[in-house]
Amino acid sequence: MNKRSRKAWTKWRRLVSEQEHSGQTVRAFCQERNLCRPYFFVWKKRLEKDTAAKFLEVQVTAPGPSTPDDTSVEIRLRNGRSLMVRPRFDAEHVRALLAVVEAAE
């Protein structure tokens, strides 16, 4: 995937996530942002297909020092960076953030 393509995927992940959390209809959301509604649906479907079939290897390690009520999870990426996620996180935001971090390599 080239840099332009990664930017497009990141942009549309963010827009689809924003629309889902905005409470607006797709029509209102797209009108407000001057987006092409059919194009929005194409990207939404593309993103659903892309995220539906992916699996990641997870390695569970012994917990490090923390407070008793700290239930956050650390996600370590291949590039050495890590991301701390707290309970009730928004999965779409995490996906968008990971796409941005991975695109910055």
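Among contacts in the protein between residues at least 6 apart in sequence, what percentage join residues at least 24 apart? In this predicted model, the share is 40%. The protein contains four helices and two strands, and 24% of its 105 residues are buried.

**Order of elements**
- Read from the N terminus, the elements follow the pattern α-α-α-β-β-α.
- Three helices therefore precede the two strands, and one helix follows them, where helices and strands are DSSP runs numbered from the N terminus.

**Surface and burial**
- The accessible surface of the protein is about 8,500 Å².
- Carbon and sulfur atoms account for 54% of that surface.
- Buried residues constitute 24% of the protein.

**The largest nonpolar core**
- The largest nonpolar core consists of 11 residues.
- Its members include the tryptophans Trp9, Trp12 and Trp43, together with Phe29 and Phe40.
- Also belonging to this core are Leu15, Val16, Val26, Cys30, Leu35 and Leu47.
- Helix H1 (3–22), helix H2 (26–32) and helix H3 (37–52) are the elements that each supply two or more residues to this core.
- H1 provides the largest share, namely four residues.

**Contacts of Leu47**
- When neighbours within four places in sequence are left aside, Leu47 is in contact with Trp9, Trp12, Arg13 and Val16.
- Of these partners, Trp9, Trp12 and Val16 are listed, like Leu47, among the residues of the largest nonpolar core.

**A second core**
- A separate, second core has five residues.
- Among them are Leu77, Leu83, Val85 and Leu98.

Conventions. Residues are numbered from 1 along each chain as its sequence is written. This is a predicted model: local features need pLDDT of at least 70, side-chain atom pairs count only at pLDDT 80 or more; totals for chains, interfaces and linings use all residues. Side-chain values use heavy atoms; hydrogens and water are left out. Buried means under 20% relative accessible area, exposed over 50%, partly exposed in between (1.4 Å probe, protein chains only). Contact means heavy atoms within 4.5 Å. Accessible areas come from the Shrake-Rupley method with a 1.4 Å probe; for residues, only the protein chains shown count as cover. A nonpolar core is a set of buried Ala, Val, Leu, Ile, Met, Phe, Trp, Tyr and Cys residues joined through side-chain atoms within 4.5 Å.
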